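Here are some short exercises to work through with the sequence and the structure side by side. Try each task yourself before you read the solution.

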Amino acid sequence: MEQVVNIGLLGLGTVGGGVYKVLRNNPAVNIVKIAVKDKNEVQEIDGLDKNLLTEDAKVIVTNPDIDIIIEVIGGTGAAYEFIKMALERGKHVVTANKELIAKRGDELFEIAKQNNVLLLFEAAVGGGIPIIMPMKMSLAANKFEKIAGILNGTTNYILTKMDEDNADYEVVLKEAQELGYAEADPTGDVLGYDAAYKIAILASIAFKKKIDQSQIYREGIDTLSPIEFKYAEDFGYKIKLIALAQSVGNKLDVRVHPMLVSKTHPLAHINNVTNSVVMQAQPVNQVMFTGPGAGEMPTASSVCADVLSIVSEIHTTNFLLPEMRCNNTEKADILPIDETENKYFIRIDATDTPGVIGSIGNICSKFGINLNYIIQKDVTKDGMATIVILTGMCKEKDLITALNELSNLSSINTIHKLIRVMEL
Ligand code: HSE
């Protein structure tokens with residue numbers, strides 16, 4: 001008969017509850033203890049054995065009978081301490097903690113290596129979508145070139161509603177909070193931190209380098225306005241918060257910001273809280289992973305898959321899942337944002353007088369910037385016109401220089417925040 005593997009669960013929040021429900025009836029595992037912050041504040045779960053609960057997580061991570069620790073507390077404080085403690089004691093760890101893996105993964109993977117144990121994190125990126133194991137195992141023969149993804153459900157929900165309802169960011173954010181799609185403090189999601197942790201993790205796996213996540217350029221969705229969705233639509237684009245990682249020469253271009261995505265690209269049609277990531281790699285060419293990026297049961301699906309992968313080998317070998325270990329030694333050289341090359345969508349408010357479009361064209365041409373489209377849109381009663389531009393491919397620092405020069409013209413009133421255009 002198969003030996004049962006003992007599990008310690010740290011956290012019984014949304015994801016922890018899902019993990020408990022999925023694993024409690026699995027005969028291959030035995031949940032020995034569950035750490036909670038306050039035993040009196042535990043969510044109602046049908047049939048939950050309250051004797052499993054403890055407020056002392058240390059008792060779990062130091063218990064010699066426990067083989068696998070599941071960390072679903074979140075954050076980088078206690079979660080870090082307990083994972084470290086568990087790895088040092090020779091326990092395998094499964095976590096859903098993207099922030100911790102992105103910020104302190106290097107250190108923790110090294111401890112895991114020294115102790116010949118695994119630290120798995122399938123749920124950290126894309127919630128219920130299998131991404132990490134497919135990248136490391138199913139795509140092992142590939143050389144990755146580019147990854148572009150919608151990796152945050154909250155922001156994708158807000159952008160979808162802004163687009164569909166022609167609504168302001170603040171209004172949709174409030175609605176999303178009321179519906180439980182956005183946190184009371186939405187900062188981590190709307191300013192792109194969450195997506196940046198996730199793309200740091202994917203870039204590190206794809207390009208086999210250590211990524212300093214603090215170097216990832218990041219812009220949120222809080223500055224977007226409904227008019228931009230309308231103008232983008234006129235040009236054949238949707239606006240999405242894109243997490244991007246690509247190899248450029250010997251550097252890595254890793255960033256998170258809103259982008260115009262052509263309606264001919266599959267990511268343009270990923271709506272609401274769904275996540276999706278497209279990977280360009282050789283020899284496979286292009287693959288796309290899509291599904292629920294968060295939520296109790298989808299995230300539990302990934303956490304439990306990691307646990308069961310360990311369980312399936314734990315009593316058969318002392319060197320489990322070698323492909324799932326992290327052996328990156330070299331630090332990635334991250335391309336600064338002003339060195340990146342993009343196409344740009346720019347919205348300018350200018351006086352409706354002859355020669356304005358001509359002077360925009362002249363200044364752009366001076367800096368080698370090709371204009372693919374330039375069109376005058378709405379003119380207000382007081383004689384202000386909106387001019388919308390789509391540039392050709394150019395270096396960001398050249399565009400910024402051109403826009404600075406443009407802003408000095410008396411006919412130019414406002415140059416709104418530029419939005420980069422995703423290349424197919
Ligand atoms: N808050 C994230 C999202 C899920 O909105 O997608 C957890 O990373």
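**Exercise 1. Decide whether Tyr157 is buried or exposed, and then describe the ring pair it forms with Tyr181.**

Step 1. Start with accessibility, where buried means under 20% relative accessible area, exposed over 50%, and partly exposed in between (1.4 Å probe, protein chains only). Tyr157 has a relative accessible area of 6%, so this residue is buried. Tyr181, at 39%, counts as partly exposed.

Step 2. A word on the ground rules: this is a predicted model, in which local features need pLDDT of at least 70 and side-chain atom pairs count only at pLDDT 80 or more, while totals for chains, interfaces and linings use all residues. Residues are numbered from 1 along each chain as its sequence is written, and side-chain values use heavy atoms, with hydrogens and water left out.

Step 3. Now apply the ring rule: rings of Phe, Tyr and Trp (its six-membered ring) pair if their centres lie within 6.5 Å; planes under 30 degrees apart count as stacked, over 60 as edge-to-face and the rest as tilted. By this rule there are four aromatic pairs. In the pair of Tyr157 and Tyr181, the ring centres are 4.5 Å apart and the planes are at 50 degrees, so the pair is tilted.

Step 4. Finally, place both residues, taking helices (H or I, at least four residues) and strands (E, at least two) as DSSP runs numbered from the N terminus. Tyr157 belongs to helix α6 (residues 153-165), and Tyr181 to the loop between α7 (169-178) and α8 (187-190); the pair links distant parts of the chain, 24 residues apart.

**Exercise 2. Work out how the rings of Phe235 and Tyr373 are arranged, and which cluster they belong to.**

Step 1. The ring centres of Phe235 and Tyr373 lie 5.1 Å apart with the planes at 35 degrees, so this pair is tilted.

Step 2. Phe235 is in helix α10 (residues 226-235) and Tyr373 in strand β14 (residues 371-379), which puts the two 138 residues apart.

Step 3. Phe235 counts as buried at 15% relative accessibility, whereas Tyr373 counts as partly exposed at 46%.

Step 4. Add Phe345, and you have the cluster: ring pairs link Phe235, Phe345 and Tyr373.

**Exercise 3. Find which rings have the charged ends of Arg104 and Arg218 over them.**

Step 1. The test is that NZ of Lys or CZ of Arg is within 6 Å of the ring centre and within 35 degrees of the ring normal.

Step 2. For Arg104, the ring is that of Tyr80, with the charged end 3.6 Å from the ring centre. For Arg218, the ring is that of Tyr193, at 3.7 Å from its centre.

**Exercise 4. Describe the largest nonpolar core and follow Ile158 within it.**

Step 1. A nonpolar core is a set of buried Ala, Val, Leu, Ile, Met, Phe, Trp, Tyr and Cys residues joined through side-chain atoms within 4.5 Å. The largest has 120 residues, and those with the most contacts inside it are Leu12, Ile34, Ile158, Ile199 and Leu202.

Step 2. Helix α9 (residues 193-207) gives the largest share of this core, 11 residues.

Step 3. Count a contact when heavy atoms are within 4.5 Å. Leaving out residues up to four places away in sequence, Ile158 touches Tyr169, Val172, Leu173, Ala176, Val190 and Ile221.

**Exercise 5. Map the surroundings of strand β10 (residues 251-262).**

Step 1. Of the 12 residues in β10, 11 are buried, so the strand is largely enclosed by the rest of the structure.

Step 2. Look for its partners, where two strands pair if DSSP finds at least two bridges between them. Strand β9 (residues 237-248) pairs with β10 in the antiparallel sense over 12 bridges, and Ile242 has His257 as its bridge partner in β10. These two strands form a hairpin with two residues between them, and Gly249 in the turn has a positive phi of about 60 degrees.

Step 3. Strand β8 (residues 217-218) runs parallel to β10, joined by two bridges, with Tyr217 opposite Arg255. Two bridges also join β10 to strand β18 (residues 419-421), again in parallel, and here Leu260 stands opposite Val421.
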